[in-house]
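Subject: Handover of the two-chain model

Hello,

Here is the structure I promised to pass on. Please load it first, then read my notes below.

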There are 2 protein chains.
Amino acid sequence: MSHPGADRVKDVARLAGRSARSKRGAFLAEGPQAVREALRRHRAGTPTVDQVFATDEALTRHPELAEPADGVILRRVTPDVLAAMSDTVTPQGVVAVCRMVDVTLDDVLAASPRLVAVLCQVRDPGNAGTILRAADSAGADAVILTHGSVDLYNPKAVRSTVGSLFHLPVVLGVPFTDLAGRLRDAGVAVLAADGYGTADLDALQDASAARRLGRAVSSMEPAAGEDPGPRLENPTAWLFGNEAHGLAEDERAAADARVRVPVYGAAESLNVGTAATVCLYASARAQRR
Amino acid sequence: MSHPGADRVKDVARLAGRSARSKRGAFLAEGPQAVREALRRHRAGTPTVDQVFATDEALTRHPELAEPADGVILRRVTPDVLAAMSDTVTPQGVVAVCRMVDVTLDDVLAASPRLVAVLCQVRDPGNAGTILRAADSAGADAVILTHGSVDLYNPKAVRSTVGSLFHLPVVLGVPFTDLAGRLRDAGVAVLAADGYGTADLDALQDASAARRLGRAVSSMEPAAGEDPGPRLENPTAWLFGNEAHGLAEDERAAADARVRVPVYGAAESLNVGTAATVCLYASARAQRR
């Protein structure tokens, strides 16, 4: 551990690559905030962190990182060694080797989730991180990434979740086939966030507010025979699509409803992170109040 | 223009730097989407684009970029020349030299804005871009960046707005002193988005929905003497703070109300882009319906 070229340093650095991660079932959390959240999860009873590597300076600035945690080895390293371990250009003096945190779809469904975000082939690590953070803030019960989505354990994706990866259950690499059906079987409605959707998110929010406020407003009542649309207060999984192409046809077709987030301005379309934020907060608001 | 080291190529590349930009009153838009939006603004009557540089391949793929626009010079260049001009690692074959698009605070206030986003010392280009895009999607009338915020014309910031920079009026480098007062004088309420705010965004949305749905719900009526809080349907400017430190004390103090975006999950705090999306959409919804 004494110099940047040492084998054990290289072993840590290799976790920036997918094959080393899957072989060892481990990944890297970089920076004080991510490491702090990983340690918090570990201390709360879910083994998460194996080793923490930190510079003296980082431990002086963030003394909570040096507090003991069961089974976690803390190693003090020089800035050179830390830089050699880390994927970031400006490492902030601390990285942790963590065990993979993802759970199975069965685990998630068994817990009767009320709000779920599904990333359908979202490829950009930054977008995945934004959606995971929005799901965390909105109090979602789980985030599911379908097969073909970004590897959430790549260092850029881990960084972009800013600790939220350690806050809520995440399911990775789920084949899309059967996913919608399994969610429905668990009592969860499947809504596609879709720029060309036929239901309007504002209208769904109005209908939900009217129910909550204790009366149906006549102008908002669906005409006879018209589908009133999904109820946001019910258990819901939102499907969010690929940043360049949106949801694929089979993803759209599998949903119970396709919901359009209104664009009021000149923007051609919503960024998937923005759309996810608006949809998840609309559901959270309808469900909590 | 024939080789990457030519003086005219270097002149374009220099626009990646702040001093060249301010000396020449010009900046670089990179990639087909940004250039397309710049040209659209130009064709709509606001001179925006001086020169477009594109490879043959980009023009084949995006023929609309080659359509003539008054006063715009189109130059075909080799991929090498284009790479030398561009700040991006993977240029997509087209850059445009644009005139600065920002307007004055007087211009914005004279147009009786109903929804304004104010970035108070937001430093990260990606966050500024996210907020500008969210403001565009929410139909905001203007975006104001205070003195000390990121330079929106730096290539990374321009890219992160994905064309929204050309959609709505932007005011740059505004000293914060007097800003809130000037907004109020123009009939615009100033709301601070603040994790420690005393008003709750959900409560404000409920009150707005109740007014819209035609009755005050008794449980939502403020107690006698209690401040009912700001009305989201009124003209509003939202203050969004620095990503690391939030709003400064003087920024908070200048607002009419400090509004908290609820965090339902384990996230410690909201990313400023997420908070801005939720606040701006809440206002847009209250104002439009």
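A term first: helices here are DSSP runs of H or I with at least four residues, numbered from the N terminus. By that count, α12 of chain A and α12 (272–288) of chain B each supply at least two residues of the lining of the largest cavity. Keep in mind that this is a predicted model.

The interface

Chain A and chain B bury about 3,300 Å² between them. Of that area, 52% lies on carbon and sulfur atoms. On the chain A side, the residues that lose the most area to chain B are A:L213, A:Y264 and A:R285. Together they account for 22% of what that side buries. The contact draws 41 residues from chain A and 41 residues from chain B.

Polar links cross the interface too. The rule finds 6 salt bridges between chain A and chain B. One of them joins the side chains of B:R285 and A:D202, at 3.6 Å from N to O. There are also 14 residue pairs in polar contact across the interface, both partners at pLDDT 80 or more.

Which helices of chain A each supply at least two residues of the side that touches chain B? They are α3 (32–43), α7 (125–137), α10 (201–212) and α12 (272–288). By class, that side of chain A has 17 nonpolar, 11 polar and 13 charged residues.

The cavities

The structure holds 4 cavities of 30 Å³ or more. Two are described here.

The largest cavity has a volume of about 120 Å³. From chain A, its lining takes A:Q205, A:T277, A:V278, A:Y281, A:A282 and A:R285. From chain B come B:Q205, B:V278, B:Y281, B:A282 and B:R285. The largest share, 5 residues, belongs to α12(A). The lining divides into 6 nonpolar, 3 polar and 2 charged residues. Note A:R285: it lines this cavity, and it is among the residues of chain A that lose the most area to chain B. B:R285 lines the cavity as well, and its side chain meets A:D202 in the salt bridge above.

The second largest cavity has a volume of about 90 Å³. Its chain A lining is A:Q33, A:E37, A:R133, A:D136, A:S137, A:V162, A:S164 and A:H167. Chain B adds B:A267, B:E268 and B:S269. Here α3 and α7 of chain A each supply at least two lining residues. The largest share, 3 residues, comes from α7(A). By class, the lining has 2 nonpolar, 5 polar and 4 charged residues.

Best wishes

Definitions and conventions. Residues numbered from 1 in each chain as written. Chains lettered and ligands numbered in written order. Predicted model: local features only at pLDDT ≥ 70, side-chain atom pairs only at ≥ 80, totals over all residues. Heavy atoms only, no water. Contact = heavy atoms within 4.5 Å. Buried area = accessible area lost by both parts, 1.4 Å probe. Salt bridge = Lys/Arg side-chain N within 4 Å of Asp/Glu carboxyl O. Polar contact = N/O pair within 3.5 Å; in protein donor to acceptor, adjacent residues only side chain to side chain. Nonpolar A, V, L, I, M, F, W, Y, C, P; charged D, E, K, R; others polar. 1 Å grid on protein atoms, 1.4 Å probe; cavity = no way out; pocket = protein on both sides within 12 Å on 5 of 7 lines; lining within 4 Å. Points joined across faces, edges and corners; volume = space filled by probe spheres on them.
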